Each structure stands twice: as C-alpha cells, then as structure tokens.
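Trainee: I'd like to learn how to read a structure like this one. Can we go through it together, feature by feature?

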Amino acid sequence: MDCYFCQRNIKEVDFKETQLLRRFISSSGKIKPKKKTGICSSHQRKLAQAIKRARYLGILSPTSK
Ligand SMILES: [Zn+2]
C-alpha cells in the first residue's frame, strides 16, 4: 500500500483537516499503525504532530465517536 500523502504529493499534514485526520485514528483514539494505513514514517510523524496540535486546539476530539 502506498502512503496516502506521498500519493497525493502532500508534503505537510494540515491539522485543520480534521475529517482527514480522523481517517487515521482508531476507535480507541490512537493513531493507526503504519502497516495498517500504509503511511510512510515521515508522514506518520507529521500526522502525529497534526493530530496532537488539532487536539490541543480542541478541533479534534480525543476519541472518535
Ligand atoms: Zn508519505
């Protein structure tokens, strides 16, 4: 599986794209493992940062409902 972000040539993960971020969060509120989502390690890191920031700003709930 190819990395979602590499595939679309997205270099930075936008923390405001909560709809998108949610796709990579499991029902328990954790970031899904790379081998499940196919995200490369550099984007996985950026994704984690974006999710952290979105939660900090309160635009992304800690757990998905
Ligand atoms: Zn990537």
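Trainee: Let's start with helix α4. Which residues of α4 are exposed?

Mentor: Before we look, keep in mind that this is a predicted model. To judge exposure, you count neighbouring C-beta atoms inside 10 Å, and 12 or fewer makes a residue exposed. In α4, the exposed residues are Ser-41, Ser-42, Arg-45 and Tyr-56, on the other side from the buried ones.

Trainee: And which residues of α4 are buried?

Mentor: Those are His-43, Gln-44, Leu-47, Ala-50, Ile-51 and Ala-54. They sit on the same side of α4, because they cover an arc of only 125 degrees around the axis.

Trainee: What do the buried residues of α4 pack against?

Mentor: They pack against α1, α2 (18–22) and α3. Take Ala-50 as a case: leaving out residues up to four places away in sequence, Ala-50 touches Val-13, Asp-14, Phe-15 and Leu-21.

Trainee: How do I check the length of a helix such as α4, and what span should its 16 residues have?

Mentor: Work at 1.5 Å a residue, which gives an expected span of 22 Å for the 16 residues of α4. The end C-alpha atoms of α4 are 22 Å apart, so the two agree. After α4 comes Gly-58, with a positive phi near 80 degrees.

Trainee: Now the core. What is the general idea there?

Mentor: In soluble globular proteins, nonpolar side chains tend to be buried together. Here the largest nonpolar core has 11 residues: Val-13, Phe-15, Leu-21, Phe-24, Ile-25, Ile-39, Leu-47, Ala-50, Ile-51, Ala-54 and Leu-60. Helix α4 gives the most to this core, with 4 residues.

Trainee: How about the other end of the chain? Where is Phe-5, and what is it in contact with?

Mentor: Phe-5 belongs to helix α1 (residues 4–7). Setting aside neighbours within four places in sequence, Phe-5 is in contact with Ile-10, Val-13, Ile-39 and His-43. Phe-5 and Leu-47 are 42 residues apart in sequence, yet their C-alpha atoms are 9.7 Å apart in space.

Trainee: Why does Phe-5 count as partly exposed?

Mentor: Buried takes 20 or more C-beta neighbours. Phe-5 has 19 inside 10 Å, so it counts as partly exposed.

Trainee: And is Asn-9 buried or exposed?

Mentor: Asn-9 has 6 C-beta neighbours inside 10 Å, so it counts as exposed. You'll find Asn-9 in the loop between α1 and α2. Its phi is worth a look too: Asn-9 has a positive value near 60 degrees, in a residue other than glycine.

Trainee: Let's step back. How many helices and strands are there?

Mentor: There are 4 helices and 0 strands. The radius of gyration is 11 Å, close to the 11 Å that the globule rule gives for 65 residues, so the protein is as compact as a globular protein of that length. Of those 65 residues, 20% count as buried. Among contacts with a separation of 6 or more, 68% join residues 24 or more positions apart.

Trainee: Last one: how do I read the confidence?

Mentor: Where pLDDT is low, the predicted coordinates should not be read in detail. For this protein the mean pLDDT is 92, and 94% of the residues reach 70 or more. Confidence is highest in helix α4 (residues 41–56), at a mean of 97, and lowest in helix α3 (residues 34–37), at 94.

Key. Residues are numbered from 1 along each chain as its sequence is written. Helices (H or I, at least four residues) and strands (E, at least two) are DSSP runs, numbered from the N terminus. Two residues are in contact if their C-beta atoms, placed from the backbone, lie within 7 Å. pLDDT is the predictor's confidence in each residue, from 0 to 100. The expected span of a helix is 1.5 Å times one less than its number of residues. The arc is that of the directions from the helix axis to the C-beta atoms. The radius of gyration is taken over C-alpha atoms; the globule rule is 2.2 Å times the number of residues to the power 0.38. A nonpolar core is a set of buried Ala, Val, Leu, Ile, Met, Phe, Trp, Tyr and Cys residues joined through C-beta atoms within 7 Å.
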